[in-house]
Amino acid sequence: MRITLVGTGYVGLVAAVCFAKLGHEVIAVDREPVIRGLKENKLTVWEPQLEPELADVYAKGLLSFETDLARASSDTDALMIAVGTPTRSDGHTDLGHVHEVLSLLMQAGTCPPLVIIKSTVPVGTCDELEATLLAAGLHTEVAFNPEFLRQGSAFSDFMEPDRIVFGCKTPQAESLLRQLYEGIEAPVHVCDRRSAELIKYASNAFLAMKISFANMMSDVCEGYGADIRHVMSGVGADHRIGPEFLSAGVGYGGSCFSKDLQSLLTTGKLIGSSLPILEAVAKVNEQRIPRMIAKLISLWGNPLGKRLCVLGISFKPNTNDVRDAPFLTLLAQCERHGIEVQAFDPIVRQVGAKTVQVMDSPYAAAAQADAIMIMTEWPQFAELDWPYLLHLMRRPYVLDGRNLLPSQIISQIVEVDGAIYMPVGR
Ligand code: UGA
């Protein structure tokens, strides 16, 4: 197939490369500076495998880049839209970028027979977009095909998904979508567009709920001297529950969970539903960083002027993404309490905030610190020379916000004079 894909952010770029790998001819469209960077293999997102895979399909001529949408979509089988859909301050989803794409199509007066929305959009959006195109004389079906990939494991998630969802109206659209995904072995779930739009939100909301549930239970474990890791592995062993997304810690971050939860809450309000479970999920998550700060204060007494070494800036390992990272919330709260922050991350080298010093090594970040807080579960943090790290500090206190450190490292830590190791939920 020949497809045009608009939007080369995280999802769009990975999808473009993967569809090209499947043998389709893909034209990726974005603004001029972004396309210029992509042609030189300068990527704005960091994802394992992305650079070499992109270079490979580009060299084979399966992936090309374009800035002119009308030209790029004049002779293609389908147009896929993967532009950003951020949440506005009033809680509604900002569909501005999606509408911009439609305006360009309407100006050009042509559109491929199928428009596939990959961006996460509120329920009812595809119906509205199709009506808009029709009113402009463009007879095109708008289908919804959500993406479930995770940052850091985007390629395997895309090529080996648990399921593929098609929200479409006609057998012709379904057939084109099936052709597009030929070569990927996964159950295909075909349904109406509104249900497909909700599948995406409900999936992210459910995952966030699992995390908040584990975090809530971790507070109970702390209160009663139980171990959240045992509790959740015992709970997750029930196949009806499943073991994943039950790791307690500093709370979920990233550009998806909070945004999608907020958007779903707003969608509910529009029909008079308050969706109380989701309110609680968000609330539990918001309490995670204040709880970590309270632990620090319990160790220090007065936090004013203390220095905190933070290991991990990105919202999860294997990405440089700091959007909605728990680190940013921690930073804001440290500033309020007069706590100095020195941070280290294997990939993130700068943060748009003056209140943190980003250091070149974990050892530099630990120098003269009054505590270390592990914010992101980068596996390499478990391989550091912990006795030496503690030796560099003013106070040898370690808050393991991700329960990352294995027992042999914990034994080394607690052997150091005056050292305190504080995990989450045990
Ligand atoms: C999430 C979903 O997992 C994807 O399926 C979805 O496609 C994507 O959002 C999206 O909508 O675009 P992502 O945000 O990349 O993917 O990352 P996750 O692996 O889901 O992690 C999100 C946050 O939850 C991270 O901060 C992570 O540290 C945290 N988390 C995850 C926990 O605190 N505990 C866990 O057990 C699992």
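Reader: What distance separates the centres of domain 1 and domain 3?
Author: In this predicted model, the centres of domain 1 and domain 3, taken over C-alpha atoms, are 38 Å apart.

Reader: And how many residues does each domain bring to the contact?
Author: Domain 1 supplies five residues and domain 3 supplies seven residues.

Reader: Which classes are found on the domain 1 side?
Author: The side of domain 1 that touches domain 3 holds two nonpolar residues, two polar residues and one charged residue.

Reader: Where do the domains begin and end?
Author: Domain 1 covers 2–191, domain 2 covers 200–285 and domain 3 covers 287–422.

Reader: Turning to the ligand, which residues are closest?
Author: The closest are Gln151, Ser247, Tyr252, Gly254 and Cys256, out of 19 residues that surround the ligand.

Reader: How does that shell divide by class?
Author: The shell around the ligand has ten nonpolar, six polar and three charged residues.

Reader: Which element gives the largest share?
Author: Helix α9, residues 193–224, gives the largest share of the shell, with three residues.

Reader: Where does the ligand lie relative to the domains?
Author: The ligand lies between domain 1 (2–191) and domain 2 (200–285), because both of them give residues to the shell around it.

Reader: Now the sheet of six strands. What is the strand order?
Author: The order is β11-β10-β9-β12-β13-β14; the sheet is open and its pairing is parallel.

Reader: Which strands are at the edges?
Author: Strands β11 (356–358) and β14 (420–422) are the edge strands, each pairing on one side only. From one strand to the next, the twist averages 20°.

Reader: How many bridges join β9 and β10?
Author: Strand β9 (residues 307–311) and strand β10 (residues 340–344) pair over five bridges in the parallel sense. Within this pair, Leu308 stands opposite Val341 in β10.

Reader: What lies across β12, β13 and β14?
Author: Helix α13, residues 288–300, lies across β12 (371–374), β13 (397–400) and β14. The helix runs at about 160° to β13.

Reader: For the whole chain, how many helices and strands are there?
Author: The secondary structure comes to 17 helices and 14 strands.

Reader: Why is the chain described as being as compact as a globular protein of that length?
Author: Its radius of gyration is 24 Å, close to the 22 Å that the globule rule gives for 426 residues, so the chain is as compact as a globular protein of that length.

Reader: What box do the C-alpha atoms fill?
Author: Along the principal axes, the C-alpha atoms of the chain fill a box of roughly 75 × 50 × 40 Å.

Key
Residues are numbered from 1 along each chain as its sequence is written. This is a predicted model: local features need pLDDT of at least 70, side-chain atom pairs count only at pLDDT 80 or more; totals for chains, interfaces and linings use all residues. Domain bounds come from an automatic or database domain assignment. Two residues are in contact if their C-beta atoms, placed from the backbone, lie within 7 Å. Ala, Val, Leu, Ile, Met, Phe, Trp, Tyr, Cys and Pro count as nonpolar, Asp, Glu, Lys and Arg as charged, and the others, Gly among them, as polar. A residue is near a molecule or strand if its C-beta atom, placed from the backbone, lies within 6 Å of it. Helices (H or I, at least four residues) and strands (E, at least two) are DSSP runs, numbered from the N terminus. Two strands pair if DSSP finds at least two bridges between them. Axes are lines fitted to C-alpha atoms, for helices over the stretch in contact, and angles run from 0 to 180 degrees between N-to-C directions. The radius of gyration is taken over C-alpha atoms; the globule rule is 2.2 Å times the number of residues to the power 0.38.
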